[in-house]
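Okay, thanks for having me, everyone. Let me put the sequence and the structure up, and we'll walk through a few spots together.

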Amino acid sequence: MKLAVIVPVYKVEAYLHQCIDSILSQSYRELKVILVDDGSPDGCGAICDEYAARDSRVLVLHKANGGLSSARNFALPYTDDCPLVTFVDSDDWLEPGIYQSAVSYLQQHPEVSILGYGHNKVQDTCSSPCLMPEMTLSREEALDSYLTANKLAIEATVWSRIYRRQAIEGLTFREGSKWEDNVYSLEAFYQSTGDFHALPIAGYNYRIQRPGAITATEIPDLRDLFADIEESIDRHAGDTTYMEYANTLALLCLWRCFRTLCRVPGAYEQEAHRYLPWVTIVRQRPYLAHLFSPSKRLKIRLFLFAPEAFLSVRRAFSSLKRRH
């Protein structure tokens with residue numbers, strides 16, 4: 001079972017060798033490593049070409065700069081001969097043996113459409129593992145878990161999973177967005193026909209807060225994320241079930257966004273006006289209320305139908321906690 005590994009490359013010259021070496025040294029050898037030079041102005045393109053000259057499993061694509069989503073989308077048509085697909089960010093690297101463990105499980109369990117594994121968050125010389133318990137979830141359970149993270153912390157990141165082709169056939173990342181993984185993951189879980197399985201292995205090393213990384217911001221701008229969700233609802237026009245899942249994702253992202261704004265001094269005054277219109281949009285559509293406890297459902301209704309009053313109370317509570 002050939003595994004396509006899509007690696008967008010842009011201005012990561014200091015990290016690129018470690019990334020590519022960790023992929024090519026995997027004990028599972030049936031790989032198609034697609035390196036997408038996204039118009040990188042440094043020596044990354046030449047480094048990619050050097051690896052392609054040495055290893056026939058490497059395919060290098062050169063394109064004008066368009067961003068992470070553009071690079072991934074550019075590579076997807078070249079995965080047609082691969083029944084399995086995964087992603088790696090070019091400033092990260094893999095643990096030895098992770099692909100062998102993952103593909104072996106998929107070979108033995110054809111009922112599994114998407115397989116996930118844990119990762120290490122690496123900052124300077126510190127590393128902290130983020131592991132999932134070993135668990136198999138049905139498609140519906142995986143969708144619920146992805147939205148709520150109550151039973152299993154299924155994250156949005158596409159690099160922590162291997163997909164069977166059917167689960168992502170025809171899907172693309174929204175270009176120009178900083179939050180491209182969120183909707184892509186939702187659509188993949190929704191489109192899949194089989195189970196999700198989590199391996200309790202930290203197989204991926206995720207480098208956080210390097211200079212220039214988009215994760216290094218205290219208050220993220222989430223407007224792209226809500227635009228992504230709206231576009232996905234348009235793509236699934238007439239599918240009320242998908243709309244409920246997507247609207248639930250929008251609701252939970254709004255909930256977490258406003259909780260952050262209420263906790264950080266001055267953030268609500270500066271940022272709330274950007275997101276209050278989305279509250280109006282979300283409350284006009286159905287969402288999956290069964291995912292929440294009765295008390296949480298009450299809070300959500302108050303949040304949706306009287307947001308400014310509800311958030312005033314939360315801000316006052318957060319201010320009181322800070323003083324004590």
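I'll talk about one helix, then a pair of helices, then two loop residues. Keep in mind that this is a predicted model.

So, helix 2 first, residues 44–54. Which of its residues are buried? Those are Cys44, Gly45, Ile47, Cys48 and Tyr51. They sit on the same side of helix 2, because the arc they cover around the axis is only 160°. That fits the usual helix geometry: with 3.6 residues a turn, residues three or four places apart point the same way. Flip to the other side of helix 2 and you get Ala53 and Arg54, both exposed. And what's covering the buried ones? The cover includes strand 1 (3–9), helix 1 (13–24), strand 2 (31–38) and strand 3 (58–63).

Next, the pair: helix 5, residues 139–148, and helix 9, residues 240–263. Their axes come within 9 Å and cross at roughly 20°, so we can call helix 5 and helix 9 roughly parallel. The crossing is right-handed. From helix 5 you have Leu143, Asp144, Leu147 and Thr148, and they meet Tyr245, Thr248, Leu249, Leu252 and Arg256 of helix 9. By class, that contact has five nonpolar, two polar and two charged residues.

Last bit, the backbone. Lys11, in the loop between strand 1 and helix 1, isn't a glycine, yet has a positive phi of about 50°. Lys11 is partly exposed, at 49% relative accessible area. Then there's Asp124, with phi near 55°, in the loop between strand 6 (112–123) and strand 7 (126–130). Asp124 is exposed, with a relative accessible area of 76%.

Definitions and conventions
Residues are numbered from 1 along each chain as its sequence is written. This is a predicted model: local features need pLDDT of at least 70, side-chain atom pairs count only at pLDDT 80 or more; totals for chains, interfaces and linings use all residues. Side-chain values use heavy atoms; hydrogens and water are left out. Buried means under 20% relative accessible area, exposed over 50%, partly exposed in between (1.4 Å probe, protein chains only). Helices (H or I, at least four residues) and strands (E, at least two) are DSSP runs, numbered from the N terminus. The arc is that of the directions from the helix axis to the C-beta atoms. Contact means heavy atoms within 4.5 Å. Axes are lines fitted to C-alpha atoms, for helices over the stretch in contact, and angles run from 0 to 180 degrees between N-to-C directions. Angles under 35 degrees count as roughly parallel, over 145 as roughly antiparallel, 65 to 115 as roughly perpendicular and the rest as oblique. A crossing is left-handed if the near helix is turned anticlockwise from the far one by less than a right angle, and right-handed if clockwise. Ala, Val, Leu, Ile, Met, Phe, Trp, Tyr, Cys and Pro count as nonpolar, Asp, Glu, Lys and Arg as charged, and the others, Gly among them, as polar.
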